[in-house]
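Hi,

Here is the structure I promised to pass on. Have a look at it first, and my notes follow underneath.

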Amino acid sequence: MGVSMAKLEKVVVALLICAVAPNIIQVDADFSKSMYLTWGVQHASILGEDLHLVLDKTSGSAAQSKRSFLFGSIEMLIKLVPGNSAGTVTAYYLSSAGSQHDEIDFEFLGNSTGQPYTVHTNIYTQGQGSREQQFYLWFDPTANFHNYTIHWNPTEIVWYVDSLPIRVFRNYEKEGIAYPNKQGMRVYTTLWNADDWATRGGLVKTDWRDAPFKARFHHFRARACKWDGAAISTNHCASNVPANWWTSKRYKQLSHTQIGQLNWARKNYMIYDYCADTKRFNGEMPPECSKPQF
């Protein structure tokens, strides 16, 4: 028949995976099939594997995924706005809808020429945020594409930069701390003007002489569980079955090497941690701050 045993084995494995977990989906490297523009469509574009967002004095731009997901790994290659990007924000995040929404953020705060970008991370659970951690990047994020990944499973959320973990938020729901595990989230990207707060607390304004500002995205990949509503997906996507690779023991906690990488990033490049900001919370620190995070 001309079909090798190796090929037959691959077909059988694929069928078994689909039978065990019918709503596991992998979106790989094609923005045009996976995302669509939501505003600023007059000057943004999606073509094949590439998304270009543009900001000028008339409008920013944005895109979002066609599907929602619950748990998995979402990654994007991004080349940030070059030159004097002060006042601009390039955002890449997951979010559900409504006032009680969940959200996991990467936001890249532009700066004056020659100054480092600030990576602003945050997490919202049931509409409550204020869990910011910020970092400088150890490379020029405007010169080349770099990989920014959000890994999200029932145990923890990990933010990665080029496969290096920079932040972890663990699930302490059993101790009364909310965790995003009951709402499907779409993937969003935006480029917008935030000069009222983004650069040095709003002291540095956007210089429109440098417009249009452009951010480039490439190779969107979502190895994640497709959200089919709470009745189906809440338990299914969290179930400990082989097809749900994100629930395996390997992803329940960072490895010894990864903890070393994370500590390196925190020691050398972290510039703000809400868990260290006692003045902000008047001494009543968020409860997760007293828990082991990695």
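Let me start with Asn 111, which the unreviewed UniProt entry annotates as a "glycosylation site". Bear in mind throughout that this is a predicted model. Asn 111 sits in the loop that runs between β7 and β8. Its relative accessibility comes out at 15%, and because the cut-off for buried is under 20%, Asn 111 counts as buried. So you may want to look at that loop with the annotation and the accessibility side by side.

The strands on either side of that loop

β7 covers residues 103-109, and it runs antiparallel to β8, with 7 bridges joining the two. One of the pairs across them is Glu 107 with His 120, the latter being the β8 partner. β8 itself spans residues 118-124 and is mostly covered, with 6 of its 7 residues buried. β8 also pairs with β9 (residues 133-136), again in the antiparallel sense, this time over 4 bridges. There, Thr 121 stands opposite Gln 133 of β9.

The annotated glutamates

Which residues does UniProt list under "active site"? The unreviewed entry gives Glu 103 and Glu 107. Glu 103 is in strand β7, and Glu 107 lies in β7 too. Are they buried or exposed? Glu 103 is buried, at a relative accessible area of 13%, and Glu 107 also counts as buried, at 13% relative accessibility.

For Glu 103 I can tell you a bit about the surroundings. Its side chain makes a polar contact of 3.0 Å with the side chain of His 101. Setting aside neighbours within four places in sequence, Glu 103 is in contact with Tyr 93, Leu 94 and Ser 95, with Asn 122, Ile 123 and Tyr 124, and with Met 185. Asn 122, Ile 123 and Tyr 124 fall within the residue range of β8 (118-124), the strand that β7 is bridged to.

The nonpolar cores

As a general point, nonpolar side chains in soluble globular proteins tend to be buried together. In this model the largest nonpolar core has 53 residues. Those with the most contacts inside that core are Ile 74, Phe 106, Tyr 148, Trp 152, Ile 157, Ile 166 and Val 187. Take Val 187: beyond its neighbours within four places in sequence, Val 187 touches a long list of residues, including Met 35, Ala 63, Phe 69, Ile 74, Met 76, Tyr 92, Tyr 93, Leu 94 and Phe 220. Polar residues turn up there as well, among them Gln 64 and Ser 65. Tyr 93 and Leu 94 are also on the contact list of Glu 103. There is a second, separate core of 5 residues, which includes Tyr 160, Val 168, Leu 254 and Leu 262.

The disulfides

How many disulfides does the whole structure hold? The search finds 2. With the bonded cysteines numbered in sequence order, the pairing is 1-2, 3-4.

One is between Cys 225 and Cys 237, with the sulfur atoms 2.2 Å apart. The torsion about its S-S bond is about -75 degrees, so this disulfide is left-handed. It links Cys 225 in strand β14 (residues 213-226) to Cys 237 in the loop between α3 and α4, 12 residues apart. Cys 225 and Cys 237 are both buried.

The loop between α3 (230-236) and α4 (256-269) also holds Asn 244. Asn 244 is buried, with a relative accessible area of 1%. A polar atom of the Asn 244 side chain lies 3.3 Å from the backbone oxygen of Cys 237, so have that cysteine on screen when you get there.

The other disulfide joins Cys 275 to Cys 289, S to S 1.9 Å. The link is left-handed here as well, with -80 degrees about the S-S bond. Both cysteines lie in the segment after β15 (270-273), so the pair ties together parts that are 14 residues apart in sequence. What about their accessibility? Cys 275 is partly exposed, with a relative accessible area of 25%, and Cys 289 counts as partly exposed at 23%.

Cheers

Technical notes. Residues are numbered from 1 along each chain as its sequence is written. This is a predicted model: local features need pLDDT of at least 70, side-chain atom pairs count only at pLDDT 80 or more; totals for chains, interfaces and linings use all residues. Side-chain values use heavy atoms; hydrogens and water are left out. Buried means under 20% relative accessible area, exposed over 50%, partly exposed in between (1.4 Å probe, protein chains only). Two strands pair if DSSP finds at least two bridges between them. A nonpolar core is a set of buried Ala, Val, Leu, Ile, Met, Phe, Trp, Tyr and Cys residues joined through side-chain atoms within 4.5 Å. Contact means heavy atoms within 4.5 Å. UniProt positions are given in the numbering used here, feature names are shortened, and annotations may be inferred rather than shown by experiment. A polar contact is a pair of N or O atoms within 3.5 Å; within protein, one must be able to donate a hydrogen and the other to accept it, and residues adjacent in sequence count only if both atoms are side-chain atoms. A disulfide is a pair of cysteine sulfur atoms within 2.5 Å.
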